[in-house]
Amino acid sequence: MAKLVLGWLAVLLAIVFGVRHLWHHPSNPEKPFVSQLSTKTVVPDADVALLNEASPLCDQTFADYLAATTPEARNQFVLNPVVTAARMAHYYSLNPLVEIDPGTLSLNKTAVVHLPGRRAIESQWSASDGRLFDAVFVEENGEWRLDWDHYVRYSDHPWALFLAGGETDHGEFRLLARERLTEERKNEDSISIVLYPPRFGYAGETGSQSPEFLIKRDTRNGRLLDAAFKLERSGGSVFGVSLPNINPEDMIRVRVKVRRFEIDGVRRFEIDEVVACHWYSVDEPGVEIPDQAAEN
């Protein structure tokens, strides 16, 4: 009987040891996730200092903005509040005021954005319901204020209404652009793109696509779009900002001036100007193109 008990004890010890060995085996290690971006990016000391100093102030501005329940109350936390007030009133007359509980947000990542003549701070946030938001803050009169136009993806008019033939026949829009038939058309004299409205809070989703736009490659608009799509395909970003790309795959952000007109009763659209290949409130294009491409 003693031999039998000792035998069973030996078997049990072997099982326990084997399970522990398997749990801690080097072939199944528990490693913290490190994004590919963070392993390649070296943040300058000046940017680190700015983030340490200003990030808490930006976070407080964002929380105060979200806690405000009216456009008038939110206006005090935005960049260029006097000028922005009229756009806010116009925008919210056509779009709902989205309410977000700041207590449901988690900060994912922040980075310094080197805009022309100034530095800004951009942050990405996740909500408990799965939504994703990005917000940009710029120092103004000693306060860090929200770039409201960037945050809400401000356009002069709702894109769907504009396409459907609303009252106005032109406007400036913040949209997502996708190049069509990239390889098939690479030797053509024009670039083919379609435009999509972003869905606020759902970075991977868009609204319905526009009709096709054909833009001559040898114009400023064409060269600028070409450069922006090449930058996106190479994994780069406008102004070199070191944040994960949250745009839908193969799409870039654009600010464009679009005109609607009719020919023989057929509704048509034309891009008058590609203002920038980003949504920041600066008119610099965000990507470099040859000097000779700056003129149409």
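Two strands are paired if DSSP finds at least two bridges between them, and strands (E, at least two residues), like helices (H or I, at least four), are DSSP runs numbered from the N terminus. The structure is a predicted model, in which local features need pLDDT of at least 70 and side-chain atom pairs count only at pLDDT 80 or more, while totals for chains, interfaces and linings use all residues. Residues are numbered from 1 along each chain as its sequence is written, and side-chain values use heavy atoms, with hydrogens and water left out.

**Exercise 1.** Trace the strand pairings that lead from β8 to β7.

*Solution.*
1. Strand β8 (residues 251-263) pairs with β5 in the antiparallel sense over nine bridges; here M251 is the bridge partner of R178.
2. β5 also runs antiparallel to strand β6 (residues 190-196), to which four bridges join it. Y196 of β6 is the bridge partner of L176.
3. β6 is in turn joined to β7 by four bridges, again antiparallel, with L214 of β7 as the bridge partner of S192.

**Exercise 2.** Determine how β5 and β7 are covered.

*Solution.*
1. Buried means under 20% relative accessible area, exposed over 50%, and partly exposed in between (1.4 Å probe, protein chains only).
2. In β5 (residues 170-179), eight of the ten residues are buried.
3. In β7 (residues 213-216), F213 and I215 form a covered face, whereas L214 and K216 form an uncovered one.

**Exercise 3.** Describe the surroundings of V258.

*Solution.*
1. Contact means heavy atoms within 4.5 Å.
2. Beyond its neighbours within four places in sequence, V258 has contacts that include W159, F162, F173, F213 and I271.
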